[in-house]
Amino acid sequence: MRAARLIRMVLLLQSRPSMTAAELAAELEVSERTVLRDALALSEAGVPVYADRGRGGGYRLVGGYRTRLTGLARGEAEALFLSGVPGALREMGLQDAASAARLKVSAALLPSLRDAPESAAQRFHLDAPGWYQEPQAPPLLPSVAEAVWGDRLLDARYRRGDGEVERVLAPYGLVLKAGVWYLCARSGEAVWVYRVDRFTRVAARGERFERDAAFDLPGFWEARADEFARSLLRASAVVRLTEAGARALPYVTDRAAAREALAAAGPPDPAGRVTVTLPVESEDVAFGQLLGLGPEAEVLEPASLRERFAGAAARMAELYGGRGAEPGAGPG
């Protein structure tokens with residue numbers, strides 16, 4: 001543990017002109033007294049660590065000293081490619097490996113390029129979760145991620161419907177979609193998608209599985225996500241839309257389904273309205289989505305959905321028609 005900390009201290013000093021004891025203590029998560037002892041140990045070992053006294057002082061390496069301890073371990077190299085997704089690294093338990101990798105890369109750079117990591121971080125940032133939701137990392141995610149990185153078979157218990165099933169999985173890869181983690185894993189002869197937050201127990205086996213070299217995680221996910229989205233649209237609604245309603249439709253329901261429905265619609269009527277047959281997940285979902293279009297959409301079919309909109313329109317008219325307040329009266 002101490003040896004790793006000493007190496008990290010050297011790499012920190014190599015990547016910056018000078019650091020105070022407080023800065024080093026914060027980076028290394030130790031006390032300033034421990035920083036002093038570590039600096040003495042490095043000096044005794046022949047590493048030219050020098051301490052400047054007084055205001056503006058700090059620790060630095062003398063004479064352009066450079067360590068050759070910059071080789072990346074495999075785990076560090078793999079984590080480095082995820083360093084643009086700090087939240088994902090933290091949730092998978094890989095933040096320490098990524099931090100060590102970044103330090104080694106910074107230490108290997110020429111002095112004129114050492115501000116490149118900070119420069120990039122100040123210009124680009126990926127915030128994966130969607131709006132209006134509090135992202136929560138599944139508690140079993142680090143264990144699943146460890147099995148993915150190690151190509152180890154996974155004994156898993158998975159919550160499905162009203163019960164649980166047990167599977168032996170070959171975990172191929174993890175996907176973070178809108179703040180939700182999914183595991184793509186082979187079970188039997190096929191690769192399936194599992195929500196990580198539905199695992200109730202996982203245990204990695206000692207044995208490894210042989211990864212299919214032809215498996216392409218991004219391509220698999222793209223095809224499966226499109227297939228999954230379409231599989232949800234099991235019903236349909238016939239809707240008459242104004243021009244404004246047609247423009248807004250892709251923003252309140254499935255975009256691909258909305259665009260296909262609009263493309264297949266006939267010519268507009270004399271009032272400029274178009275009638276579309278829109279694939280929807282269910283009548284309940286369609287009601288919530290299309291209600292956001294207000295008077296810009298008229299549901300024609302199914303009759304039960306039209307009746308729900310008629311009832312909602314009647315209640316809205318009652319609320320805004322003046323029966324509950326004097327006409328023209330505003331808040332007091």
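**Exercise: helix α11**

Find which elements cover the buried residues of α11, and say where on the helix those residues sit.

*Solution.* This is a predicted model, where local features need pLDDT of at least 70, side-chain atom pairs count only at pLDDT 80 or more, and totals for chains, interfaces and linings use all residues. Residues are numbered from 1 along each chain as its sequence is written, and side-chain values use heavy atoms, with hydrogens and water left out.

- Start with the terms: buried means under 20% relative accessible area, exposed means over 50%, and partly exposed is in between (1.4 Å probe, protein chains only). Helices (H or I, at least four residues) and strands (E, at least two) are DSSP runs, numbered from the N terminus.
- Pick out the buried residues of α11: A257, A258 and A261.
- Look down the axis: these three cover an arc of only 100°, which puts them on the same side of α11. The arc is taken over the directions from the helix axis to the C-beta atoms.
- Now the cover: α10 and β9 are among what lies over these residues, with contact meaning heavy atoms within 4.5 Å.
- Check the N-terminal end too, where D254 acts as a cap with a side-chain oxygen 3.3 Å from the backbone nitrogen of A256.

**Exercise: helix α2**

Work out which residues of α2 (residues 21-28) are buried, and how they are arranged around the axis.

*Solution.*

- The buried set is A21, L24, A25 and L28.
- Viewed down the axis of α2, these residues fall within an arc of 100°, so they line one face of the helix.
- The spacing fits the usual geometry: an α-helix has 3.6 residues a turn, so residues three or four places apart point the same way.
- Right after α2 comes E29, with a positive phi near 60°.

**Exercise: the nonpolar cores**

Identify the largest nonpolar core and the elements that build it.

*Solution.*

- A nonpolar core here is a set of buried Ala, Val, Leu, Ile, Met, Phe, Trp, Tyr and Cys residues joined through side-chain atoms within 4.5 Å.
- The largest one has 20 residues, and V239, L241, L249, L278, L290 and L305 have the most contacts inside it.
- At least two residues each come from β8 (235-241), α10 (243-252), α11 (255-264), β9 (274-280), α12 (283-290), β10 (297-301) and α13 (303-320).
- The top contributor is β9, with four residues.
- Zoom in on L305: leaving aside neighbours within four places in sequence, L305 touches A237, E283, A286, F287 and V299.
- There's also a second, separate core of 18 residues, with L141, A147, V148 and A156 among them.

**Exercise: salt bridges**

Count the salt bridges, then find which residues join E207 in a network.

*Solution.*

- Rule: a side-chain nitrogen of Lys or Arg within 4 Å of a carboxyl oxygen of Asp or Glu. That gives twelve salt bridges.
- E207 pairs with R205, the closest N and O atoms being 3.5 Å apart. Salt bridges with shared partners link D155, R205 and E207 into one network.
- For accessibility, E207 is partly exposed at 44%, and R205 is partly exposed at 29%.
- Another bridge joins E166 and R157 at 2.4 Å, N to O. E166 is partly exposed at 47%, and so is R157 at 27%.
- R60 and D52 make a further bridge, with N and O 3.0 Å apart.

**Exercise: aromatic pairs**

Count the aromatic pairs, and give the geometry of Y158 with F199 and of Y172 with F215.

*Solution.*

- Rings of Phe, Tyr and Trp (its six-membered ring) pair if their centres lie within 6.5 Å; planes under 30 degrees apart count as stacked, over 60 as edge-to-face and the rest as tilted. The tally is eight pairs.
- Y158 and F199 sit 5.1 Å centre to centre with 65° between the planes, which is edge-to-face. Y158 is in strand β3 (residues 152-160) and F199 in strand β7 (residues 199-208), 41 residues apart.
- Both rings' residues are buried: Y158 at 9% and F199 at 6%.
- Y172 and F215 are edge-to-face as well, at 4.7 Å and 85°. Y172 belongs to strand β4 (residues 163-177), while F215 is in the loop between β7 and α9 (217-232), 43 residues apart.
- Y172 is buried at 4%, and ring pairs connect Y172, F209, F215 and F220 as a cluster.

Key:
A polar contact is a pair of N or O atoms within 3.5 Å; within protein, one must be able to donate a hydrogen and the other to accept it, and residues adjacent in sequence count only if both atoms are side-chain atoms.
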